[in-house]
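Subject: Structure handover

Hello,

Here is the structure I promised to pass on. Please open it alongside this note.

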Amino acid sequence: MQLGAIFTPISDMGRYQPDSLTAGSGGSASANASTKKSESAQVQLSSEAIAMVRKLQSIDSHVRAHEMAHLVAASGLATSGPSFQYQRGPDGQNYAVGGEVGIDTSAGRTPQETLRRADVIAAAALAPSDPSGQDYAVAAKARQMAIEAQVAIQQEQAQKLSDAAKAYKDDKQTADASGNSGDQNNSDTTRIDTYA
């Protein structure tokens, strides 16, 4: 299942030092640097870059939660854990901006098993709080699978009823043929005698 919004990569604006992002001011980390080597490795991020990093962090958290919701709801039908598409932020870190979870959407061995699988697939597809278009498409296919399974179950039940009715009719005809056909007591009608 694919999350719809994937962001375009932005250019690498230099290496990120955690203190410079959390401080939000610019010079505190380099002012504390004691050697020229650490000063040259330290590159401060602009306010726009810091805003982009925070946005990417938020997207990363959202994407990971989205895919985890799919995985948890998929129960035993998940064929893989989440896989992610990443974007490198201006801080040099990779952030998940898209992802998917593999799920087995094959039919079961019986219509009843197919119906149960379809219910799990639909629930897994719609598990995140904000399903994507792909998620809705998977859920729609699962609903179609469920409808087909229900039709097959109804056909099986109708065939069983038909077979039972035929067996009953055959048994009755055999019993009638072996019994006394002239006897009124073996007829299909019941008489009630009333006395006045």
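Below is what turned up, from the whole chain down to single residues.

Keep in mind that this is a predicted model.

Overall fold. The chain has 6 helices and 2 strands. Read from the N terminus, the order is α-α-α-α-β-β-α-α. The two strands therefore come after four helices and before the last two, given how helices and strands are numbered from the N terminus.

Burial and surface. The chain has 196 residues, and 27% of them are buried. About 12600 Å² is exposed. Carbon and sulfur atoms supply 53% of that area.

Contacts. Take the contacts with a separation of 6 or more: 66% of them join residues 24 or more positions apart.

Helix H4. This helix covers residues 47-73, which is 27 residues. How far apart are its end C-alpha atoms? They are 39 Å apart. At 1.5 Å a residue the expected span is also 39 Å, so the two values agree.

Which residues of H4 are buried? Ala49, Ile50, Val53, Leu56, Ile59 and Val63 are among them. The list also includes Asp60, Glu67, His66 and His70. After H4 comes Ser75, with a positive phi near 50°.

Rings. Arg64 sits over the face of Phe84. The distance to the ring centre is 4.7 Å. As for ring pairs, the search of the whole structure gave 1 aromatic pair.

Best regards

Note on methods:
Residues numbered from 1 in each chain as written. Predicted model: local features only at pLDDT ≥ 70, side-chain atom pairs only at ≥ 80, totals over all residues. Heavy atoms only, no water. Expected span 1.5 Å × (residues − 1). Buried < 20%, exposed > 50% of the residue type's maximum accessible area, 1.4 Å probe, protein only. Contact = heavy atoms within 4.5 Å. Areas by Shrake-Rupley, 256 points an atom, 1.4 Å probe, with all protein chains shown as cover. Phe/Tyr/Trp six-rings, centres within 6.5 Å; stacked < 30°, edge-to-face > 60°. Lys NZ or Arg CZ within 6 Å of the ring centre and 35° of its normal.
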